[in-house]
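Student: I would like a close look at a single part of this structure. Please keep to what the model shows.

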Amino acid sequence: MAKLAYSYGYRSIQAIDLVTKREWSLETVAFNAEQFDITDDGTIYYVMKNGFKKIRQTAVGSGSGADTLFYEHPTYVRDIAVRLVSGNIRVFFRQLARMALMQFFYLSEQKVPIQYYVVNPEDIALYNSCTGKEDWPFYSGDFAFGPNNTLYISNGNCSPCAIYRISGAGPDDVVGGIERIYQSADAIESLACDDNYIYFRQSTKTISQLGMVSLWKSDVYTINMGGVHIADIAIAPEQVLGTPPEPSFLFIRLAKWVWLRVLQATKKSDQPKPNGC
């Protein structure tokens, strides 16, 4: 099972081990991060929360001092993904525009935006119980690349919502068809893919996974920090994560003390009480 990372609109990017359910700080970036992605060598590209036109670049373990402006777009950037193309990292993003324009771009080596794909609104139309017909919603969703040149997109924070699989998503353009593979009454945001699963969030604190073959959905992790919500999810490469930090000795002692107190209180409550009590 994969290790993931998530942002929550602040400077810290958190790592998650889905097997042990452990969570730790992966990197602290210079500005509040919204959408982001991580390369296999640990380079982080993220969109600034308070400056959605700016994509910044840093690296795991480098500290916020190594954080630099990578690219500034003329209009707002909604989501971001990275791919290895001919030995070089290529940054893809979706441009946020009015009238539900679903435009995807990638940056050339000279950091010039080149249109990559435009979604036909009719291809993501969903039945609207209010109007009694199929409507194409305002596209506020996210995207992620999967194995075998597949592109996955979602409708975003609308209801109903769906995930679509698009084949033939090469490095320069998209030549395949689009199919709806999953539909829900809840929003679907923050997509990330490994070789077997699509990860996304439907609530502000819970990450779910969808099997690419089985199309079976299950919840895999819920964050326990109060007052924050998941902004985006990315696959965290094993070689970047290393091993999570071990709990401190004092933390272990405190946990044992709390456990013993609970056990003692339980034993006392189980003792027989005198008559009349």
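How many bridges join β5 to strand β6 (residues 51–59), and in which sense do the two strands run? Please describe β5 and then what surrounds the aromatic residues elsewhere in the model.

Tutor: The model is a predicted one. β5 and strand β6 (residues 51–59) are joined by 6 bridges and run antiparallel. Strands of a sheet pair through backbone hydrogen bonds, and the pairing may be parallel or antiparallel. Within this pair, V47 stands opposite I55 in β6. The connection from β5 to β6 is a hairpin with 2 residues.

On the other side of the sequence, β5 is joined to strand β4 (residues 33–38) by 4 bridges, again with an antiparallel run. I38 has I44 in β5 as its bridge partner. The hairpin of β4 and β5 has 4 residues between the strands, and G42 there takes a positive phi near 95 degrees. As for burial, strand β5 covers residues 43–48, and 6 of its 6 residues are buried, so the strand is largely enclosed by the rest of the structure.

Y46 also belongs to a nonpolar core of 15 residues, which includes A234, A236 and L241. That core lies apart from the largest one, which has 19 residues. In the largest core, the residues that touch the most other members are Y116, Y117, F143, F145, L151 and I153. Two or more residues each come from β10 (103–107), β11 (113–118), β14, β15 (150–154) and β16 (161–166). β16 gives the largest share, 3 residues.

Now the aromatic residues. The structure holds 15 aromatic pairs. In one of them, the ring centres of F92 and F145 are 4.9 Å apart and the planes stand at 65 degrees, so the pair is edge-to-face; the cut-off for that class is over 60 degrees. F92 lies in strand β9 (residues 88–95) and F145 in strand β14 (residues 143–146), so this pair ties together parts that are 53 residues apart in sequence. Both F92 and F145 are buried. Another pair is Y197 with Y199: the centres are 6.2 Å apart and the planes are at 50 degrees, so the pair is tilted. Y197 has 29% relative accessibility and counts as partly exposed, whereas Y199, at 0%, counts as buried.

F92 and F145 also belong to one aromatic cluster, together with F104, Y106, Y116, Y117 and F143. A charge is placed at one member of this cluster: the charged end of R90 sits over the ring of Y106, 4.2 Å from the ring centre. K111 likewise lies over a ring face, that of F70, at 4.2 Å from the ring centre.

There is also an open sheet of 4 strands, with the order β3-β2-β1-β22 and antiparallel pairing. β3 (22–28) and β22 (232–235) stand at its edges with a single partner strand each, so one side of each has no neighbour in the sheet. From one strand to the next, the twist averages 30 degrees. Strand β1 (residues 3–7) pairs with β22 in the antiparallel sense over 4 bridges, and S7 stands opposite D232 in β22.

To return to the part you asked about: β5 has antiparallel bridges to β4 and to β6, and 6 of its 6 residues are buried.

Key
Residues numbered from 1 in each chain as written. Predicted model: local features only at pLDDT ≥ 70, side-chain atom pairs only at ≥ 80, totals over all residues. Heavy atoms only, no water. Phe/Tyr/Trp six-rings, centres within 6.5 Å; stacked < 30°, edge-to-face > 60°. Buried < 20%, exposed > 50% of the residue type's maximum accessible area, 1.4 Å probe, protein only. Lys NZ or Arg CZ within 6 Å of the ring centre and 35° of its normal. Pairing = 2+ DSSP bridges. Axes fitted to C-alpha atoms, helices over the stretch in contact; angles between N-to-C directions. Core = buried A, V, L, I, M, F, W, Y, C linked by side-chain atoms within 4.5 Å.
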